[in-house]
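This briefing walks through one protein model, beginning with a pair of neighbouring elements and then widening to the whole fold. Please keep the structure in view while you read.

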Amino acid sequence: MNALAEEQAGKPSGTAMGTALLRALAYREYGGEGRGGTGKQGAGDQGLGSDHLARYFIPGYLRHGLSTRFIRDKVKEKVPPGLYEFLTARTAWFDRVFVRALEEKAARIVLLGAGYDTRALRFSGINRGTRIIELDMPQTQGRKRECLHKAGIETPESLRFAAIDFHTQKLSEVLEAEGYDKSEPTLFLWEGVTYYLEREAVDATLSLIAENRHPQSRVAFDYAVPVPEGGLDGYGVREIISLMLERHPDEKTRFSLEDADMESFLAGKGLSVQERLDHRDMEKMLSAGGGMGGHCRIIPLFRLLKACPC
């Protein structure tokens, strides 16, 4: 089952759990602990392996197991080549987008399908009045709040959790109930979701976001490009497709769009591309400043994109 199907069946998202696991692994390898630090990070810390709270959402045996290189290597062996690297780059990039919105004093940040995102917690120390709304299915959001409570982590006053059943509730109505104002500068963060949606759902969500015409509003999301004919031999491509077929056998359609079509797709909704990263850009990000070294590779199907009102 995909993430939405799991939650419809009354289960927290396993996809979100897997992402938290790889974020916790990256923190061990490249964050405070991976570099011999104390395991405590400042509110404004960014960079690779920045999510020091991801570990609280994974089972205890894995949390402790990640302290050993043997277990970390075993975890990485279970995922397609280039996927761990992509998720590490994606986390760092979305961190920067989030922090930039705080620095620009955005009125609100909306996280669509937040999963086990911890940015509202990790960057609370530099939040000067931005209100943050996390929307997700109640099963995953409920488990997230339980994990935070067990870990003794308090949520800041700036954060609101808004449970939503994407199958039965309208996103616009849930946002309005949380005080969302279309006229205020807002960052919409949409991480790790579009892959599991049909094009119509992506189109509807972006159209809703585009109704906010404030010039400082932004939307940041990740998406996939179609597999080119004969392109299964690309780095990690065959493996990621096999993984999707194994885990999502009933999922016949997923959103993907050619790079050449994205600008016109967004323009039709009153949005324009402000920043876009392909796999080569992300590889440079991972290698910068010593990061992951000069030999990291990312599956060439993924993109990161930030758009603003035209």
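In this predicted model, strand β1 (residues 108-112) and strand β2 (residues 131-136) run parallel and are joined by five bridges. One position shows how such a pairing works out at the level of single residues, since isoleucine 109 has isoleucine 132 in β2 as its bridge partner.

**Helices packed on the sheet**
- Helix α5 (residues 83-103) packs on the sheet, where it touches β1, β2, β4 (186-190), β5 (218-224), β6 and β7 (302-309).
- The direction of helix α5 makes an angle of about 15° with the direction of β7.
- Helix α7 (residues 138-150) also packs on the sheet, touching β2 and β3, and its direction makes about 145° with that of β3.

**The sheet as a whole**
- The open sheet is formed by seven strands, which follow one another in the order β3-β2-β1-β4-β5-β7-β6 with mixed pairing.
- At the edges lie β3 (159-163) and β6 (271-277), each of which pairs on one side only.
- From one strand to the next, the twist averages 20°.

**The protein as a whole**
- The protein contains 12 helices in addition to its seven strands.
- It has 310 residues, of which 53% count as buried.
- When contacts between residues at least 6 apart in sequence are considered, 77% of them join residues that are at least 24 apart.
- The protein exposes about 14400 Å², and carbon and sulfur atoms supply 48% of that area.

Conventions. Residues numbered from 1 in each chain as written. Predicted model: local features only at pLDDT ≥ 70, side-chain atom pairs only at ≥ 80, totals over all residues. Heavy atoms only, no water. Helix = DSSP H or I, 4+ residues; strand = E, 2+ residues; numbered from the N terminus. Buried < 20%, exposed > 50% of the residue type's maximum accessible area, 1.4 Å probe, protein only. Contact = heavy atoms within 4.5 Å. Areas by Shrake-Rupley, 256 points an atom, 1.4 Å probe, with all protein chains shown as cover. Pairing = 2+ DSSP bridges. Axes fitted to C-alpha atoms, helices over the stretch in contact; angles between N-to-C directions.
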